[in-house]
Amino acid sequence: MNLQEEIIKEMGVQATIDPVEENRRTIDFMKEYLKGYAFLKTLVLGVSGGQDSTLLGKLAQLAVEELRSETGDESYQFIALRLPYGVQKDEADAQAVLEWIQPDQVYTVNIKAAVDSLVEELEGNGLIISDFNKGNIKARQRMIVHYAIAGDYQGVVLGSDHAAESVTGFYTKFGDGASDIVPLYRLNKRQGAAMLKALGAPAYFYEKIPTADLQDGQPELADEVELGVSYEDIDDYLEGKEVSAQAQERIEQLYRNSRHKRALPINVFTNFWKD
């Protein structure tokens with residue numbers, strides 16, 4: 001088994017999917033998880049306006065609606081979070097997504113004051129916080145809000161990470177990479193887009209250029225520019241297709257460099273050098 005085959009196996013990506021079946025599978029997964037814990041009634045997710053949280057948010061809302069109908073328990077709910085840092089440049093997109101999802105509840109918590117206060121305290125101790133580091137602080141502050149609200153509602157924090165992000169480590173460790181369940185893990189970027197299309201989502205929800213929007217100096221920096229490889233190449237690679245030598249080298253470099261992000265905290269008995 002070569003490295004590409006090993007990565008595909010680890011990520012669980014299928015070469016082809018039926019988008020309707022995968023939507024159903026994702027909804028059922030969230031329903032079964034909630035039903036497995038009598039005290040858990042709420043799904044919580046930050047909705048940014050990007051493709052991934054749009055897809056998962058819609059499926060989460062459908063999951064709790066089905067649970068209410070099937071069990072008669074009206075306490076099941078989905079809470080969508082808006083967690084801007086100041087004013088988000090594509091806020092209109094996020095609001096359009098919320099209008100389409102129709103979540104049971106929406107909380108808006110502006111993280112700017114908390115992030116800026118922490119950065120000021122750190123710099124007051126002689127540290128120099130780079131724009132990149134500050135971006136990670138933003139992501140981790142957002143996850144603090146997720147768990148604060150989930151804790152108040154006996155909730156489950158959803159993670160919208162998927163295989164194209166996981167293989168490259170394109171997420172913040174203990175930030176957007178922290179969650180209770182990751183229902184989209186097995187999917188690449190184009191498969192998520194196909195699932196949104198199958199749900200009848202407006203095309204611009206999945207055709208817009210993906211951006212993490214974490215750096216103050218480059219708020220609209222495209223993911224593909226930051227990664228140094230296109231999602232098309234990443235998706236092809238994860239589907240077992242041949243990509244250029246340059247793309248393959250970059251994907252496998254990112255995979256190796258980000259192994260620590262996909263592991264649980266390391267202990268003395270862990271063979272962490274195993275490839």
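This report describes the parallel sheet of a predicted model, the helices around that sheet, and the setting of Glu22.

## Sheet layout

The sheet is open and has 4 strands, in the order E3-E2-E1-E4, with parallel pairing. Its edges are formed by strand E3 (105-108) and E4, each of which pairs on one side only. On average, neighbouring strands are turned by 25° against each other, direction ignored.

Two helices pack on this sheet. Helix H4 (residues 91-101) touches E2 and E3, and its direction makes about 170° with that of E2. Helix H6 (residues 131-152) touches E1, E2, E3 and E4, and the angle between its direction and that of E4 is about 160°.

## Strand E1 and its partners

Strand E1 covers residues 42-46, and 5 of its 5 residues are buried. In a regular strand, side chains alternate between the two faces of the sheet. In E1, Thr42, Val44 and Gly46 point one way, while Leu43 and Leu45 point the other way. Residues of both sets are buried.

Strands of a sheet pair through backbone hydrogen bonds, in either a parallel or an antiparallel sense. E1 pairs with strand E2 (residues 77-82) in the parallel sense over 5 bridges. With strand E4 (residues 155-157), E1 also runs parallel, and 3 bridges join the two.

Individual bridges show how the strands are placed beside each other. Leu43 has Phe78 as its bridge partner in E2 and Val156 as its bridge partner in E4. Gly46, in turn, is matched with Leu81 in E2.

## Connection from E1 to E2

E1 and E2 also belong to a β-α-β unit, together with helix H3 (residues 51-71). The unit is right-handed.

## Glu22 in helix H2

Glu22 lies in helix H2, which spans residues 19-35. Is this residue buried or exposed? Glu22 has a relative accessible area of 7%, and because this value is under the 20% limit, the residue counts as buried.

The side chain of Glu22 is joined to that of Arg186 by a polar contact of 2.8 Å. Leaving aside residues up to four places away in sequence, Glu22 touches Gln14, Ile17, Arg186, Leu187 and Met195. Arg186 is thus named both in the polar contact and among the residues that Glu22 touches.

How values were computed: Residues are numbered from 1 along each chain as its sequence is written. This is a predicted model: local features need pLDDT of at least 70, side-chain atom pairs count only at pLDDT 80 or more; totals for chains, interfaces and linings use all residues. Side-chain values use heavy atoms; hydrogens and water are left out. Buried means under 20% relative accessible area, exposed over 50%, partly exposed in between (1.4 Å probe, protein chains only). Two strands pair if DSSP finds at least two bridges between them. A crossover is right-handed if, with the strands pointing away from the viewer, the path from the first strand over the helix to the second runs clockwise. A polar contact is a pair of N or O atoms within 3.5 Å; within protein, one must be able to donate a hydrogen and the other to accept it, and residues adjacent in sequence count only if both atoms are side-chain atoms. Contact means heavy atoms within 4.5 Å. Axes are lines fitted to C-alpha atoms, for helices over the stretch in contact, and angles run from 0 to 180 degrees between N-to-C directions.
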